[in-house]
Amino acid sequence: MAGYGFLGLTYGIYMHELGFNFLYPMLLAITVYAGSAEFLLSNMLLGSFHPLQALLMVLMVNARHLFYGLSMLEKYKGLGWKKFFLIFGMSG
């Protein structure tokens with residue numbers, strides 16, 4: 001929990017230094033699941049915003065979770081459709 005608090009504090013300070021109101025980091029923290037995407041989106045919001053570019057960037061950064069899930073293939077073997085939720089939904 002201390003790690004999340006520290007990252008949240010640094011993200012709030014970072015957004016403040018970029019010139020955003022305190023509501024922006026709170027809104028992004030509520031709506032964006034991936035913490036690394038919040039840091040990416042903060043810079044993207046300063047320039048011209050391209051939704052497709054933002055989507056592709058977030059997918060590329062968070063593709064590392066696929067490799068985390070690969071390590072659990074053997075553990076959840078034989079669970080059918082539940083396997084994908086357990087591997088990729090719970091490994092992040």
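Which residues does N62 touch, if we do not count residues up to four places away in sequence? I would like to start there, and the reply is that N62 touches A34 and S36 once those sequence neighbours are left aside. Before going on, please keep in mind that what we are looking at is a predicted model.

To place this residue, N62 is in the loop between α4 and α5, where α5 covers residues 64-70. Although it lies in a loop, N62 counts as buried, because its relative accessible area is 16% and the cut-off for buried is under 20%.

One of the two residues that N62 touches, A34, also brings us to the core, since A34 belongs to the largest nonpolar core of the model. That core has ten residues in all, and they are Y11, M15, F20, L28, V32, A34, A37, L41, M44 and A54. If we ask where they come from, helix α1, residues 2-18, and helix α3, residues 35-44, each supply at least two of them, and the largest share, three residues, is from α3. As background, nonpolar side chains tend to be buried together in soluble globular proteins.

Now let us stay with helix α3, because S42 is found there and S42 counts as buried, with a relative accessibility of 0%. Leaving out residues up to four places away in sequence, S42 touches Y11, Y14, M15, L18 and F20, and of these Y11, M15 and F20 are listed among the core residues. The side chain of S42 also has a polar atom that lies 2.7 Å from the backbone oxygen of F39.

Let me turn next to the surface, and to helix α4, which runs over residues 51-61. Here L52, L55, L56, L59 and M60 make a nonpolar surface patch of about 540 Å². Two members of this patch are worth following individually, beginning with L52, which is in helix α4 and is exposed because its relative accessible area is 58%, where exposed means over 50%. M60, also placed in helix α4, counts as exposed as well, because its relative accessibility is 57%.

How far apart are the C-alpha atoms of L52 and Y76? They are separated by 34 Å, while along the chain the two residues are 24 residues apart.

So that we leave with both pictures in mind, S42 in helix α3 is buried at 0%, whereas L52 in helix α4 is exposed at 58%.

Methods: Residues are numbered from 1 along each chain as its sequence is written. This is a predicted model: local features need pLDDT of at least 70, side-chain atom pairs count only at pLDDT 80 or more; totals for chains, interfaces and linings use all residues. Side-chain values use heavy atoms; hydrogens and water are left out. Patches are made of residues with over 30% relative accessible area and no salt bridge: like charges are joined within 9 Å, nonpolar side chains (Val, Leu, Ile, Met, Phe, Trp, Tyr) within 5 Å. Accessible areas come from the Shrake-Rupley method with a 1.4 Å probe; for residues, only the protein chains shown count as cover. A salt bridge is a side-chain nitrogen of Lys or Arg within 4 Å of a carboxyl oxygen of Asp or Glu. Helices (H or I, at least four residues) and strands (E, at least two) are DSSP runs, numbered from the N terminus. Buried means under 20% relative accessible area, exposed over 50%, partly exposed in between (1.4 Å probe, protein chains only). A nonpolar core is a set of buried Ala, Val, Leu, Ile, Met, Phe, Trp, Tyr and Cys residues joined through side-chain atoms within 4.5 Å. A polar contact is a pair of N or O atoms within 3.5 Å; within protein, one must be able to donate a hydrogen and the other to accept it, and residues adjacent in sequence count only if both atoms are side-chain atoms. Contact means heavy atoms within 4.5 Å.
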